[in-house]
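Hello,

Here is the structure I promised to pass on to you. Have a look at it first, and then read on for my notes on what turned up.

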Amino acid sequence: MNYSEDIIRKLKAITDKRPATVINHILKYGYITSEELENQYSYKHPPRAVRDVRERGVNIETYRVKSSDGRSIAAYRFGSPVFIEDKISKTAGRTTLSQALKKALIDKYGSKCFIYHQQMEERLLQIDHRIPYEISGEQDKENIDCYMLLSPSANRAKSWTCEHCPNWETKEVEFCTHCFWAHPESYSHIAGKEQRTIIVTFTGNEIEDYNRLIELVGEQKAEQTIKNLIEKFIKK
């Protein structure tokens, strides 16, 4: 597809490596797949690279294609219009979330991941919108409860889950409001599925218990074993 000089100039003005890689590939080939992002550019988390582009005001559409081995995977192309007008020249999302906001969250909730409840060094925690930026747009930075602190692994897990959630296309804010990944303290579903989850983290001397559990039942049966123990305890 041919784009105007003005659109190309605005796209080329985005020079950060990850979003620029996505943009230049789409300009050359018309689209980019999650497989290409991972195999050709070594991005182990393709949705994050695409989100970096969206956060710079570029309208990216997601659709499905077949991978080289026949799996259904995500592909991305520019939407119409290419730029969402009220976001042009804004570096939205994570890149503008300030240290002051991070400090306010830590002062209120502590230096911990909201998902895994792990105490972490402040520098390792990442600020994330509770409701994904792609769903509800920019949120009120004066209301710190629109945001959450996540460990890098929790942030990757949330991003991947949101990208594969049916609401990624329908974009209903209320749907996200009741999701575990937005409000783990009070939720009714996990990415649309009738599920509940408890994150169990073993630390210190507890690691010996974890290793013994895996030794006895194996990693694949560990979760079910814990569920059986809970059921047995409740029925006492």
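**The hairpin**

G70 takes a positive phi near 90 degrees in the hairpin of β2 and β3, where five residues lie between the strands. Please keep in mind that this is a predicted model. The two strands, β2 (residues 58–66) and β3 (residues 72–83), run antiparallel and are joined by eight bridges. If you want a place to start on screen, find V65, which stands opposite I73 in β3.

**Two nonpolar cores**

As a bit of background, nonpolar side chains tend to be buried together in soluble globular proteins. Here the largest nonpolar core has 21 residues, and L105, C113, I115, L149 and L150 are the ones with the most contacts inside it. Two elements, α5 (99–109) and β5 (147–150), give two or more residues to this core. Of these, β5 gives the most, with four residues.

Which residues does L149 touch, leaving aside its neighbours within four places in sequence? L149 is in contact with K102, L105, I106, G110, K112, C113, F114, L125, Q126 and I127.

There is also a second, separate core, made up of 19 residues, with I26, I32, V58 and I60 among them.

**A covered helix**

Helix α4 (residues 46–54) is mostly covered, with nine of its nine residues buried. The buried residues include charged-looking names that you may want to click on: R48, R51, D52 and R54 are among them, as are P46, P47, A49, V50 and V53.

**The cavities**

Rolling a probe the size of a water molecule over the atoms shows where empty space is left. In this model, the count comes to three cavities of 30 Å³ or more.

The largest cavity has a volume of about 120 Å³. It is lined by 16 residues, and those closest to its centre are P132, C162, C165, C176 and C179. At least two lining residues each come from α7 (152–163), α8 (167–170) and α9 (173–177), and α7 supplies the largest share, three residues. By class, the lining of the largest cavity has eleven nonpolar, three polar and two charged residues.

What lines the second largest cavity? Its lining consists of R51, D128, H129, P132, K158, S159, C162 and W168. The elements that give two or more residues to that lining are β4 (126–129) and α7, with α7 again giving the largest share, three residues. The space inside the second largest cavity is about 40 Å³, and its lining has three nonpolar, two polar and three charged residues. P132 and C162 line this cavity and are also among the residues closest to the centre of the largest one. R51, another of its lining residues, is one of the buried residues of α4.

**The largest pocket**

Finally, the largest pocket holds about 530 Å³ of space. I198, I199, V200, E223 and I226 are the closest to its centre, out of 15 lining residues. Both α10 (206–217) and α11 (219–234) give two or more residues to the lining, and α11 gives the most, with six. The lining of the largest pocket is made up of ten nonpolar, one polar and four charged residues.

Happy to go through any of this with you.

Best wishes

Terms used
Residues are numbered from 1 along each chain as its sequence is written. This is a predicted model: local features need pLDDT of at least 70, side-chain atom pairs count only at pLDDT 80 or more; totals for chains, interfaces and linings use all residues. Side-chain values use heavy atoms; hydrogens and water are left out. On a 1 Å grid over the protein atoms alone, a cavity is a set of points where a 1.4 Å probe fits but cannot get out, and a pocket is an open set with protein on both sides within 12 Å along at least five of seven lines; lining residues have an atom within 4 Å of a point. Grid points are joined across faces, edges and corners, and a volume is the space filled by probe spheres set on the points. Ala, Val, Leu, Ile, Met, Phe, Trp, Tyr, Cys and Pro count as nonpolar, Asp, Glu, Lys and Arg as charged, and the others, Gly among them, as polar. A nonpolar core is a set of buried Ala, Val, Leu, Ile, Met, Phe, Trp, Tyr and Cys residues joined through side-chain atoms within 4.5 Å. Buried means under 20% relative accessible area, exposed over 50%, partly exposed in between (1.4 Å probe, protein chains only). Contact means heavy atoms within 4.5 Å. Two strands pair if DSSP finds at least two bridges between them.
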